[in-house]
Amino acid sequence: MTPSALALGHVLVLVLCLSAAEDFDWTNNQHGSFYYGAFPTGFSWGAGSSAYQTEGAWDKDGKGLSIWDVFSHKKGKIQHNQTGDTSGEGYYKVKDDVSLMKEMKLNHYRFSISWPRLIPTGIKSDHVNERGIQYYDELLDALLENNITPIVTLSSNAPHLNALHLNAPHLNAPHLNAPHLNAPHLNAPHLNAPNLNAPHLNAPHLNAPHLNAPHLNAPYLNAPNLNAQHLNAPHLNAPHLNAPHLNAPPLNAPPLNAQHLNAPHQNAPHLNAPPLTSLCGLQVLQEKYGGWQNLSIINHFNDYANLCFEKFGNRVKHWITFNNPWSVAVEGYETGEHAPGLKLKGTGAYKAAHHIIKAHAKVWHSYDTQWRAKQKGSIGISLSGDWGEPVDLTDQKDIEAAERYVQFYLGWFATPIFHGDYPQVMKDFIGRKSAQQGLGTSRLPSFSPEEKSYIKGTCDFLGVGHFTTRYVTHKNNVAARGGSSYFQDRDLAELVDPRWPDPGSEWLYAVPWGFRRLLNFVKSQYGNPTVYVTENGVSEKMQCPELCDEWRIQYFRDYTNEMLKAIKDGVNVKGYTAWSLLDKFEWDEGFTERFGLYFVDFRNKNKARYPKASVHFYKSIISSNGFPNQREVENWRRKAVETCSSSNQLLAADPLTSHMEMVTEIVVPTVCTLSILICAVLLMFLLRRRS
């Protein structure tokens, strides 16, 4: 393809993405009756999963640690202290799971790639794990052999890593806690610093090979050009230490700049630095900044993305950079409910989101310039968003609060990508709250003019994940001088209607009409982009296994019908992804909630899969590409519920099957072994008597 043709293609993409936004009609909320009709020809139906939630094999075949591996192993973080170590064992069941997709007649399957499975340390130049590449090769080939289109998400869970320009071969620093560490170009070979805690450490040009300082705690340490070879300072307490040109020999750690260093499981032996405490008695509580708090992760993520394009791009034509970055930012860096579990209220989420948006743009441009012409694929982002409906449609303050709710959620990421900058309402509200706190600048980072231009238009399609709706009303939250939060910045209150069904997750209420409203909002705000629904589904929270999931049938029926109405409204929806294919590890809820179309028996070592009634209903929607008429749709429901009875019988028999497996695999061999030993003893006894 010629450069002029590429330029023309890029212009066309920009024109599609940057169409002028229209005003959304907040007062036009017509719920309407069920609509019988067909989806457009070629509409794509699928199901989804994510790597950590389904693969298992957390430490097998060369995979490195992810932030979720570390987070879920901390007691008290997950319900019942469960982990995704094995989950549904999808890593070992590729052919089985693809056969389930084929049986359901899926057109596509959305899954994510585990970054640490491909690059164990997160840094491509360190090591690429060929066995991880082989696993995804096997999955992609199996999908394509069965005419199932892969839609691949790059950001599933990040490696347990954060190290800007860090050069520390053989670094071994378990439990390193160095928030706000500023050590650019750190070079500390053989560094071994277990339990190191050095908040706000600023030691440029630090050269300290073989440093041994166990339990070092040195808040606000400023030691430029420090040279302390063979330094051994256990229990060093030097708060606010300023020791330029300190010479304490074979400590060699040149220009260290590693702000928010998070170097999980890096290897830097010979550094032992025990907790350093403040001599003046001032204990500055610091929270560890890592991952998406660190600007350097953008380049590492781009390297990882390019590896994926190189290895899999000949078979993958639909790429997603990030799925639900709102959750990554808010639950990972604001509330701490999700990995990495940081509670950096009022700043952490905004900073993480800022870097995620930049990383998305960088990867989009990399694909656009290096891979698009030869691979002919597309790349987008998947944004989750609940709908916010004004409590009072005649109250302008409620309408503005509802729009703020959506802009602080989906618009936070979509507006920069489509229009080049954050929503004005976010800039206004966060800026004002920051000023009320006495801060000199807004807690919401800003993009430079060059960055705005670079980010604007980085969309081939928009993935939309949606589950539920809230009623929203205005509420004044006074900014406290001591701090604020993402939730307080919005100045609103969320409400639910007690009549809304809520079968599973405490946050998930079934409100189908909100889906249509959200899709029309996307159409009006972002120039009617190509949309793929990347997540939509409902959970259950039950003590006993239940395959007759009539509530899920109702949810899929009503939500997909509202999507069909949105398409009739002119929204450019091209595909729908049911969430999810299988029951799986549900983050901080562990295995206590189930979103799967297929029930997974986590008690069984084989992680057997059983179809729920919703499998058969969803399959009928796919086969008909819509809803032919009332009688036929009701027929689907009836047959689906009938089929689950036999499946329930199989599931009920499973504990007996597992028991028999245990008898066969453990008890029988043990008894046989004991019998042989007894016979041998008796034989020896008889032989001795005869002799």
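A residue is called buried when its relative accessible area is under 20%. The legends below apply to a predicted model.

**View 1. Glu334 is a buried loop residue.** Glu334 sits in the loop that links helix 8 (325–333) and helix 9 (348–375). Its relative accessibility is 2%, so Glu334 counts as buried. The side chain of Glu334 reaches the backbone nitrogen of Gly346 at 3.1 Å.

**View 2. The surroundings of Glu334.** Not counting residues up to four places away in sequence, Glu334 touches residues that include Leu342, Leu344, Gly346 and Thr347. Ser485, Tyr486 and Phe487 are also among the residues touched by Glu334. From Glu334 to Tyr350 the C-alpha atoms are 8.8 Å apart, and the two residues are 16 apart in sequence.

**View 3. An open sheet of three strands.** The strand order is 9-11-12, and the pairing is mixed. Strand 9 (387–390) and strand 12 (492–495) each have a single partner strand, so one side of each is left without a neighbour in the sheet. From one strand to the next, the twist averages 40 degrees.

**View 4. Strand 11 beside strand 12, with two helices on the sheet.** Strands of a sheet pair through backbone hydrogen bonds, either parallel or antiparallel. Strand 11 (residues 469–474) pairs with strand 12 in the antiparallel sense over four bridges. Val472 stands opposite Glu494 in strand 12. Helix 10 (residues 396–419) packs on the sheet and touches strand 9, strand 11 and strand 12; the direction of helix 10 makes about 130 degrees with that of strand 11. Helix 14 (residues 512–525) also packs on the sheet, touching strand 9 and strand 11. The direction of helix 14 makes about 100 degrees with that of strand 9.

Key
Residues are numbered from 1 along each chain as its sequence is written. This is a predicted model: local features need pLDDT of at least 70, side-chain atom pairs count only at pLDDT 80 or more; totals for chains, interfaces and linings use all residues. Side-chain values use heavy atoms; hydrogens and water are left out. Two strands pair if DSSP finds at least two bridges between them. Axes are lines fitted to C-alpha atoms, for helices over the stretch in contact, and angles run from 0 to 180 degrees between N-to-C directions. Contact means heavy atoms within 4.5 Å. Buried means under 20% relative accessible area, exposed over 50%, partly exposed in between (1.4 Å probe, protein chains only). A polar contact is a pair of N or O atoms within 3.5 Å; within protein, one must be able to donate a hydrogen and the other to accept it, and residues adjacent in sequence count only if both atoms are side-chain atoms.
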